[in-house]
Amino acid sequence: MPNITPRRNKSGEITSYTIRVYHGYDSYGKRLKPYTMSYKPEPGMTPKQIEKDLQRTALLFEEKCRNGMISVNHNMKFADFCPMYLEIKKDVLAPRIWADYSRTIDKLLIPLLGHIKLTELKPAHVQQFIQYLQGDVRQKKDGTLDTDNPKLSQATIRRKLTVLQSILKQAVKLDLIPSNPAAAEKLTLQKVTAPKIEIFSKQEAAEMLQRLEDEDLQFQVLVQLAIMTGARCGELVGLKFSDFDYNNGKVTIERSAYKIAGQPIAVKPPKDYEVRTISVNRHCIQLVMMLREEKQRQAELLGSQWIGEEWLFTQWNGEILNPQTPTKQFSKFLKRHGLKHRKFHSLRHTSATLLLYGGVNLKQVQARLGHGDISTTNKYLHCIQEADEQAAEVLGSMLITRTECRREEKQA
């Protein structure tokens with residue numbers, strides 16, 4: 001319920017009312033500044049009329065605040081709008097992304113821009129913010145600044161800017177400001193080189209899978225499914241044995257596990273809400289069935305200590321595996337066998353490129369990977385093009401070598 005406080009003059013007469021709507025606490029447990037408005041009764045209104053109209057106004061104001069429809073407050077500072085933005089986006093952004101946005105807002109945006117009124121925030125302020133991030137440098141062990149090595153990469157700076165752009169875009173939607181001062185066309189940004197997609201070549205993948213046979217069964221299943229399905233790490237960790245159709249060789253991906261610092265492991269729908277059913281080969285199905293039997297034996301041995309929920313990938317007691325664990329395990333696995341380092345996510349890239357190599361059409365690859373937009377899948381075509389260019393160079397080198405050998409034979 002809104003909080004209503006009367007304002008009195010020197011004679012003690014009520015002249016107006018302040019209506020406050022509270023909306024929670026920030027990440028430090030401090031109560032957020034409430035939304036406020038003033039109410040002044042019309043001349044000639046009776047106390048009963050004032051009470052009725054005041055309650056109606058307060059309830060309408062509260063509803064507008066809850067729905068992100070408060071009227072323009074020219075004194076609202078950027079810091080005051082950020083909690084409102086986070087409240088609106090809480091059920092829109094993925095939980096981990098929302099947490100990342102919250103940290104960026106608390107630790108970076110509010111300290112640097114929070115004091116500026118929302119309506120007075122200009123592209124010049126945003127450009128200055130970018131310059132600050134570009135000039136932020138690492139500190140050496142001796143305490144001096146390493147000016148040759150910036151702390152933040154251009155890609156990281158872009159990600160921080162994306163949060164600011166999203167906040168101000170929401171303010172435009174709510175008619176709090178006429179235009180977005182952080183729009184890309186109003187700023188000068190350094191170019192960012194698109195990161196190269198890392199994949200395992202056919203030979204590297206074959207060698208890796210051969211070495212995989214020496215690992216424990218759970219890790220074998222994890223890597224095999226990563227290549228076979230192209231699923232994201234969180235989607236793999238979120239799999240249950242009941243997600244598999246053992247007779248028809250299919251698996252349904254309908255959830256993704258995630259971990260936020262200080263909070264327990266949780267699950268959510270897949271990215272882009274792309275619940276999908278994927279065909280897998282018989283070898284993968286057999287490995288999953290073997291893993292299920294292994295988990296059943298572990299559960300019998302541990303008895304009441306086993307707290308599993310049919311998760312494929314678990315900790316020692318059946319609890320769901322931490323989604324960050326596969327990355328660490330995979331890195332150690334590659335190092336242990338003297339294989340070239342690749343990120344765990346590169347298994348997803350490898351799956352996509354191998355499918356394209358094999359002649360599977362782009363739309364089918366999109367469906368298997370769960371891409372909401374086919375333009376995301378298109379990036380793998382560059383890998384195919386690069387491989388084709390490398391193949392041409394190999395063929396050219398072979399032909400040139402043979403020609404030179406023949407020349408040498410003739411001259412001899």
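These notebook entries record what I looked up in this structure, which is a predicted model.

**Entry 1. The hairpin at the start of the chain**

I began with the strands S1 and S2. Strand S1 covers residues 3–8 and strand S2 covers residues 14–21, and the two pair in the antiparallel sense over six bridges. I then looked up a single position in this pairing: the bridge partner of Arg8 is Ile14, in S2. Five residues stand between the two strands of this hairpin. Within the turn I noted Gly12, whose phi is positive, at about 90°.

**Entry 2. Aromatic pairs**

I searched the whole structure for aromatic pairs and found six. For Tyr17 and Tyr39, the ring centres are 6.2 Å apart and the planes stand at 45°, so I recorded this pair as tilted. Tyr17 belongs to strand S2 and Tyr39 to strand S3 (residues 35–39), so the pair ties together parts that are 22 residues apart in sequence. I found both Tyr17 and Tyr39 to be buried.

I turned next to Phe200 and Phe330. Their ring centres lie 6.1 Å apart with the planes at 80°, so this pair is edge-to-face. The pair links distant parts of the chain, 130 residues apart: Phe200 is in the loop between helix H5 (154–173) and H6, whereas Phe330 is in helix H10. Phe200 and Phe330 are both buried. I also asked which residues form one aromatic cluster with Phe200 and Phe330. They are Phe219, Phe333 and Phe344.

**Entry 3. Charges over rings**

I looked up two cases in which the charged end of an arginine sits over a ring. For Arg342, the ring is that of Phe200, and the charged end is 5.8 Å from its centre. For Arg292, the ring is that of Tyr246, with a distance of 4.5 Å from the charged end to the ring centre.

**Entry 4. Salt bridges**

How many salt bridges does the structure hold? I recorded eleven. I followed three of them in detail.

Arg342, noted above for its place over the ring of Phe200, also meets Glu204 in a salt bridge, at 3.5 Å from N to O. Arg342 lies in the loop between helix H10 (325–336) and helix H11 (346–357), and Glu204 lies in helix H6 (residues 202–212), so the pair ties together parts that are 138 residues apart in sequence. I checked whether these two residues are buried or partly exposed. Arg342 has a relative accessibility of 10%, so I counted Arg342 as buried. Glu204, at 25%, counts as partly exposed.

The second salt bridge joins Arg96 and Asp100, with the closest N and O atoms 3.7 Å apart. Both residues lie in helix H3 (residues 95–113), where they are four residues apart, about one turn of the helix. Arg96 has a relative accessible area of 43%, so I recorded Arg96 as partly exposed. Asp100 is also partly exposed, at 26% relative accessibility.

The third salt bridge is between Glu254 and Arg255, whose closest N and O atoms are 2.9 Å apart. Glu254 counts as partly exposed at 39% relative accessibility, whereas Arg255 counts as buried at 13%. Returning to Arg96 and Asp100, I noted that salt bridges with shared partners join these two residues and Arg103 into one network.

**Entry 5. Lys268, a buried charge**

I then examined Lys268, which is found in strand S9 (residues 266–268). Lys268 is buried yet has no salt bridge. Which side chain of opposite charge is nearest to Lys268, and how far away is it? I found Glu235, at 7.0 Å. Leaving aside residues up to four places away in sequence, Lys268 touches Ala94, Pro95, Arg255, Ser256 and Tyr258. One of these, Arg255, is the salt-bridge partner of Glu254.

**Entry 6. Thr119**

My last entry concerns Thr119, in the loop between H3 and helix H4 (123–135). Its relative accessibility is 27%, so Thr119 counts as partly exposed. I also looked up Thr119 together with Ala171: the two are 52 residues apart in sequence, and their C-alpha atoms are 9.7 Å apart in space.

Methods
Residues are numbered from 1 along each chain as its sequence is written. This is a predicted model: local features need pLDDT of at least 70, side-chain atom pairs count only at pLDDT 80 or more; totals for chains, interfaces and linings use all residues. Side-chain values use heavy atoms; hydrogens and water are left out. A salt bridge is a side-chain nitrogen of Lys or Arg within 4 Å of a carboxyl oxygen of Asp or Glu. Buried means under 20% relative accessible area, exposed over 50%, partly exposed in between (1.4 Å probe, protein chains only). Lys and Arg count as positive and Asp and Glu as negative; His and the chain ends are not counted. Contact means heavy atoms within 4.5 Å. Two strands pair if DSSP finds at least two bridges between them. Rings of Phe, Tyr and Trp (its six-membered ring) pair if their centres lie within 6.5 Å; planes under 30 degrees apart count as stacked, over 60 as edge-to-face and the rest as tilted. A charge sits over a ring if NZ of Lys or CZ of Arg is within 6 Å of the ring centre and within 35 degrees of the ring normal.
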